[in-house]
Amino acid sequence: MWVYPDEKLSRCLGIIDFTKYHVSIHPNSLPDNEIFHKELPIRTRRRGLTKESEVLPTRSEYFIFAKTPVEKEDWFLAFLKAARTKKGRSGVEVERNATDFDHAAIYQLIRTIHSDEHHLQTQWLNAFLGRVFLGIYKTQVIKDYFIRKIVLKSSKVKKPSFLGDITVRDLHVGNSMPTVTNPKLIDLQPNGEMTAEFCIDYSGGFSVEVETEATISMTARLKPLKVNLVLAVTLKKLSGRMHLKIKPPPTNRFWLGFCEDPVMSLNIEPIVSDKQLKFAMVIQAIERRIHDMVHEALVLPNMDDYPFFPSHGTGGIFDNSTETKEPFQQQSHGPSVDSLGND
């Protein structure tokens, strides 16, 4: 980057080679909503400087300000890209961030939102949600979120008697999120209750690897065989009509559920000692339990809830959270009358 004293660009003060600099927001650890305030600078610091250097040499550090917050982010991202630029055998290459989305994923999103007339009404919504998803789908935070959800839901479903405890080994959220089509507002009441419906369609390849122990009876004469299984479960397709509901105040969440059992296509492959073994009984049992889990958690009258505001355990949005707390009970220093039995 060429540095000039003014917009006339008449005299170059210096050149910043960002491949030799570390780029960061200054100061560190700002809240997300303050990172791109125009009053705060972008810091570039020459790589290789020691912490003992109290007085930095000339041009080893720059503090760069932008005119607007949106321009500051543009400059910041451009500086980061320049700092990751390296010279390779095939020319100049930019080192990719591990959380950058795959090019195939963004092209798939573009094709999907332009695929047919059903997407015209919600094209902008699916583009927005899909783009946000592609910004976070490779992060560990999202992976951990889905693992917690799966563990919680699966713990509430009865397992077949021949299967042991199920643990999640790995999870891949796929390369897209469900698309929304045919939205319809059902009702909006003066008390704030809202209901709506829409169709969803998913083919993003969500997959999870789970480990369990299966007890398989080969014949009546032989003892049951215990086999350690690693099951690769992939959601190939999911589609159906969903019901959305927000209840009157003081609710802090919305509820989602399928109007009827969704169309769901699964691919389940047991893997044992790196060899694929097709146990029809195990596959069918696992698939039935997954369908049962979806039905028991997400098909009306069952719905799943998603808070849009923290309640801190009170169950709603209140001006004074003490209204929902249990009344203080004085600690007893001796047995109560009700606890005394007739010996």
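**Exercise 1.** Which residue forms a salt bridge with Lys237, and how far apart are the closest N and O atoms?

*Before you start.* This is a predicted model, where local features need pLDDT of at least 70, side-chain atom pairs count only at pLDDT 80 or more, and totals for chains, interfaces and linings use all residues. Residues are numbered from 1 along each chain as its sequence is written, and side-chain values use heavy atoms, leaving out hydrogens and water.

*Solution.*
- Start with the rule: a salt bridge is a side-chain nitrogen of Lys or Arg within 4 Å of a carboxyl oxygen of Asp or Glu.
- Lys237 pairs with Asp201, the closest N and O atoms being 2.8 Å apart.
- Now place them: Lys237 lies in strand S12 (residues 225–246) and Asp201 in strand S10 (residues 194–202), so the pair ties together parts 36 residues apart in sequence. Strands are DSSP runs of E, at least two residues, and helices are runs of H or I, at least four, both numbered from the N terminus.

**Exercise 2.** Find the salt-bridge partner of Lys149 and say whether that partner is buried or exposed.

*Solution.*
- Lys149 bridges to Asp304, with the closest N and O atoms 3.0 Å apart.
- Lys149 sits in helix H4 (residues 140–155) and Asp304 in strand S16 (residues 304–307), 155 residues apart.
- Buried means under 20% relative accessible area, exposed over 50%, partly exposed in between (1.4 Å probe, protein chains only).
- With 7%, Asp304 is buried, while Lys149, at 23%, is partly exposed.
- Last step: salt bridges with shared partners join Lys149, Lys153 and Asp304 into one network.
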